[in-house]
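Thanks for passing this one along. Here are my notes, written for someone opening the structure without any background on it.

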Amino acid sequence: MKVANRRSANLTLVVAVTLVVAMATMLIGMPFMVDKVGFFSQIKESFINSDASDIISGEIVFWIWGYAILLIALACCIAAVFIVVRVKRRLIFSKITVSIIFFISRGCLLIALLSLAVVFYFGICFLIAVASCFLGLCMRVIANVIAEANDIKNENDLTV
């Protein structure tokens, strides 16, 4: 592995691990961060002509959605760390790597579905859904390319 590639892989690993730590911190600190931002006052303003049960259901939907999204994103980031470690070990073209990339793709598509499910409460989630759907599609394409490259590699290994 060239020096520039090693540096890039090391930097990617540092960024991925930092993202895992940040998401784990967000899972723990989400109630405190949401209170600081005043997010629920925005929800209450959007339901200004509604009764209290609509406001409470909006808050419940937010908490369930928020924690589900963060847990899925955390799992995808941990999977990304595994991929970077496999790249550093030069184990890129394997079924395990392809399955990890498909896992990340499914996670992105699940985030898209969850975001579409709450568009009624939070309109901005439509943008999250579109972005995560696009990322999931890109990950599926990459997984298919690596799977095909793995097949070609295996055929070449058999022809001696």
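Where does leucine 91 lie? I'll start there and then work through the rest of the model.

1. **Leucine 91.** Leucine 91 sits in the loop between α3 and α4. With a relative accessibility of 39%, leucine 91 counts as partly exposed. Leaving out residues up to four places away in sequence, leucine 91 touches Arg86 and Thr97. Keep Arg86 in mind, as it returns in point 4.

2. **The overall picture.** Bear in mind that this is a predicted model. The protein's secondary structure comes to five helices and zero strands, so if you read the elements from the N terminus on, you get α-α-α-α-α, with helices and strands taken as DSSP runs. Of the 160 residues in the protein, 32% are buried. Take the contacts with a separation of 6 or more: residues 24 or more positions apart account for 72% of them.

3. **Arginine 90.** Arginine 90 is in the loop between α3 and α4. The phi angle here is worth a look: for arginine 90 it is near 60°, a positive value in a residue other than glycine. Arginine 90 is exposed, at a relative accessible area of 61%.

4. **Arginine 86.** Is arginine 86 buried or exposed? Its relative accessible area is 16%, and under 20% means buried, so arginine 86 is buried. Arginine 86 has its place in helix α3. Not counting residues up to four places away in sequence, arginine 86 touches Leu91, Ile92, Ser94, Ile96, Thr97 and Ile100.

5. **The aromatic pair.** How many aromatic pairs does the count come to? The answer is one. The ring centres of tryptophan 63 and tyrosine 67 are 6.0 Å apart and their planes are at 25°, so the pair is stacked. Why about one helical turn between tryptophan 63 and tyrosine 67? Because they are four residues apart in helix α3, which covers residues 52–88. Tryptophan 63 is partly exposed, with 22% relative accessible area, and tyrosine 67 is also partly exposed, at 26% relative accessibility.

6. **Leucine 27 and helix α3.** Leucine 27 has its place in helix α1, and its 15% relative accessibility counts as buried. Setting aside residues up to four places away in sequence, leucine 27 touches Tyr67, Leu70, Leu71 and Leu74. That brings back tyrosine 67, a member of the stacked pair with tryptophan 63. Leucine 27 and glycine 66 are 39 residues apart in sequence, yet their C-alpha atoms are 8.9 Å apart in space.

7. **The largest pocket.** About 840 Å³ of space lies in the largest pocket. Which elements give two or more residues to its lining? They are α1 (3–37), α3, α4 (95–117) and α5 (125–158). The largest share of that lining, 12 residues, comes from α3. There are 38 lining residues, and those nearest the centre of the pocket are Met23, Ile69, Leu70, Ala73 and Ile111. Leu70 is also one of the residues that leucine 27 touches. By class, the lining has 34 nonpolar residues, four polar ones and no charged ones.

8. **Glycine 136.** Glycine 136 is found in helix α5 and counts as buried, at 0% relative accessibility. Glycine 136 touches Ser105, Cys108 and Leu109, not counting residues up to four places away in sequence. From glycine 136 to phenylalanine 102 is 34 residues in sequence and 8.8 Å in space, C-alpha to C-alpha.

9. **The cysteines.** How many disulfides does a search of the whole structure find? It finds zero. Take cysteine 133: the closest cysteine sulfur to its own is in cysteine 108, and at 9.6 Å that is too far for a bond, since a disulfide needs the sulfur atoms within 2.5 Å. Cysteine 108 is also among the residues that glycine 136 touches. Cysteine 133 is partly exposed, at 36% relative accessibility, whereas cysteine 125 is buried, with a relative accessible area of 2%.

Conventions. Residues are numbered from 1 along each chain as its sequence is written. This is a predicted model: local features need pLDDT of at least 70, side-chain atom pairs count only at pLDDT 80 or more; totals for chains, interfaces and linings use all residues. Side-chain values use heavy atoms; hydrogens and water are left out. Rings of Phe, Tyr and Trp (its six-membered ring) pair if their centres lie within 6.5 Å; planes under 30 degrees apart count as stacked, over 60 as edge-to-face and the rest as tilted. Buried means under 20% relative accessible area, exposed over 50%, partly exposed in between (1.4 Å probe, protein chains only). On a 1 Å grid over the protein atoms alone, a cavity is a set of points where a 1.4 Å probe fits but cannot get out, and a pocket is an open set with protein on both sides within 12 Å along at least five of seven lines; lining residues have an atom within 4 Å of a point. Grid points are joined across faces, edges and corners, and a volume is the space filled by probe spheres set on the points. Ala, Val, Leu, Ile, Met, Phe, Trp, Tyr, Cys and Pro count as nonpolar, Asp, Glu, Lys and Arg as charged, and the others, Gly among them, as polar. Contact means heavy atoms within 4.5 Å.
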